[in-house]
Amino acid sequence: MDTTTSGTRLQSGWWRSAVIYQVYVRSFQDSDGDGVGDLAGVRARLPYLRSLGVDGIWLNPFYPSPQHDHGYDVSDYLAVHPDYGTLECFDRLVHDAHRLDLRVLIDVVPNHCSTEHSWFAAALAAGPGSPERERFHFADGHGDNGDLPPNNWRSIFGGPAWQRVTEPDGSTGQWYLHSFAPEQADFNWRHPDVAAYFEQVLRFWLERGVDGVRIDVAHGLHKAEGLPDHENATDDELTGDPLNPYAWNQPEVHQVWRRWRSIAEEYTVMTGRERALIGEVGVLDAQQLALYQRPDELHQSFFFEFLRAEWNDQTLYDVVDRGLGTIAGSSSSVAWVLNNHDMPRSVTRYGGGAPGIDAGDVDLGTIRARASALLMLALPGAAYVYQGEELGLPEVTDLPVDVLTDPMFHRSEGARRGRDGCRIPLPWAAGQAGFGFSSAAAWLPQPDWFADHAMDRQLSLGESMLHLYREALALRRRLPALASNDFRWLRTEPGVLAFTRGDGFCCVVNCSSRVVAAPVDGELLLASHHDAGDKLPPNSAAWYVLAPPADSAGEAA
């Protein structure tokens, strides 16, 4: 809906039902032959994204960084890493995206920075007790000579959450907190300099025309006063989830998002182009997640429970209900997601595979991934599609150990395989060197079987995953029912999900291993399986236009 404020016409609420394509810049498209994707490569592929039918793109970090966590260790928040281009390259990308009516969201990483950030370098040089160290969590150690960490917290990536430093005089000294890798020092968000700095960062990129920001670790930032020990401190390390109640989800973080929301709305009014805040909120409690989406905080938060859900009708039913419950009573909408750069790809998950173990049943996983795509794109709210999802890419589960770059793998001493397998550079052309990604060797090796998933080959196949996504996204744009907030479950037999949207649209998902009769009378619009119609094959989904009730048909006649 458009509204008018101070004579400026606003484009309001685009984010509520948008489909945003996540671009992992490093692995999307290389334009200069160095084996690493870049902003110019993204710009060159914008017509592909427009033809896919998405509403915008989210760019993973492209800032200067020593790349210990591939950009999530930022050393300068106001520039572009030379591997990816320049600020001018970024400006041209935004200009071309807007010309194609594509929104641009960027990643902001406020919980921590690189240990090569100028603030952290100044903190090391200044020594204990200095104002520079107060911007981070520096503390003296326990035990003889301070040889033990200040508390028992563990890193999400494995190992202690503390790293000891060498002081300017050469002596061993204080420790600093890092919730992730040692090269990622946590900011002290109780220090006013930190909040002021990130308001500057936010304004810098909004001035350059970005339509929104995805906020990394939005449940982080503040830590409990005094940094107390946690009796189950190893839970974070063992699960990779933010379970330490003293390190995550502190009440003060909500005030940060209220302030950021006011800044976003300031730019919305000033420019007539609505700016949105999307949170990576890792809390596991849906009620806590809902608090981040109150009308004066984040516009949306990813609903990761949907990504984690097993292929089971009751599980999916419950997860969808909880997702919709997180936005009840707010002006938000659910941001559904099936894949991202941190999780094994859905084809592999649904096929029972796991990184470093085996690929699972790829055929079964692909069938279920096709069905889950139609489920996600039929739900009310926004959807985020991770690059390669539309190509049906499985996880690369057998990367050689010597090419693995994820700090999660190295910090856990191999106990956790890490995320490299979902970050392999994309295959664009089956017959070209590097599958069209780069003329040089890609920064992570592409397996030979990527040719089967290449974009050009997918386009040549009538029932490819790419065609399924393109057709679903086209229908999503065209059908008024899918623009509504209306949602109603239908009664079905065990193993089957069905719901209606708006006036006359129905999505049916068969999670079972048997053929089932469609529980509705209607015209088939789109299906994940070519045999779908009055009946649905196992592990399939279909969209229908419902036949009008008999009385309505008679009245119309």
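Helices and strands here are DSSP runs, numbered from the N terminus. The model on screen is predicted.

**Stop 1: His178**

Select strand 9 (172-177) and strand 10 (184-186); His178 is in the loop between these two strands. Is His178 buried or exposed? Its relative accessible area is 0%, and buried means under 20%, so His178 counts as buried. Now show what surrounds the residue. Leaving aside residues up to four places away in sequence, His178 touches Ser155, Pro160, Ala161, Trp162, Gln163, Gln184, Asp186 and Arg411. Pro160 deserves a distance label: its backbone oxygen lies 3.5 Å from a polar atom of the His178 side chain.

**Stop 2: helix 3**

Move to residues 87-99, which make up helix 3. Put a distance between the end C-alpha atoms: they are 18 Å apart, in agreement with the 18 Å that 13 residues should span at 1.5 Å a residue. Next, colour the buried residues of this helix, namely Leu87, Cys89, Phe90, Leu93, Val94, Asp96 and Ala97. An α-helix has 3.6 residues a turn, so residues three or four places apart point the same way. To see what covers the buried residues of helix 3, add helix 1 (39-44), helix 2 (46-52), strand 4 (56-59), strand 5 (103-108) and helix 5 (192-207), which are among the covering elements. Just after helix 3 comes Asp101, with a positive phi near 65°.

**Stop 3: the open sheet**

Select strands 16, 17, 18, 22 and 20, in that order across the sheet. These 5 strands form an open sheet with antiparallel pairing. Which strands stand at the edges? They are strand 16 (488-489) and strand 20 (522-527); each has a single partner strand, so one side of each lacks a neighbour in the sheet.

Within the sheet, pick strand 17 (residues 496-501) and strand 18 (residues 505-510), which are joined by 6 bridges in the antiparallel sense. Ala498 sits opposite Val508 of strand 18. Helix 15 (residues 465-478) also packs on the sheet, where it touches strand 20 and strand 22. The direction of helix 15 makes about 130° with that of strand 20.

Then add helix 12, which lies across strand 17, strand 18, strand 20 and strand 22 (540-546). Helix 12 runs at about 40° to strand 22.

**Stop 4: the nonpolar core**

Finish with the largest nonpolar core, a set of 137 residues. Show Tyr21, Leu59, Phe306 and Trp543 as sticks; these have the most contacts inside the core. Which helix gives the most to this core? Helix 12 (residues 362-378) does, with 8 residues.

Notes
Residues are numbered from 1 along each chain as its sequence is written. This is a predicted model: local features need pLDDT of at least 70, side-chain atom pairs count only at pLDDT 80 or more; totals for chains, interfaces and linings use all residues. Side-chain values use heavy atoms; hydrogens and water are left out. A nonpolar core is a set of buried Ala, Val, Leu, Ile, Met, Phe, Trp, Tyr and Cys residues joined through side-chain atoms within 4.5 Å. Buried means under 20% relative accessible area, exposed over 50%, partly exposed in between (1.4 Å probe, protein chains only). Helices (H or I, at least four residues) and strands (E, at least two) are DSSP runs, numbered from the N terminus. The expected span of a helix is 1.5 Å times one less than its number of residues. Contact means heavy atoms within 4.5 Å. Two strands pair if DSSP finds at least two bridges between them. Axes are lines fitted to C-alpha atoms, for helices over the stretch in contact, and angles run from 0 to 180 degrees between N-to-C directions. A polar contact is a pair of N or O atoms within 3.5 Å; within protein, one must be able to donate a hydrogen and the other to accept it, and residues adjacent in sequence count only if both atoms are side-chain atoms.
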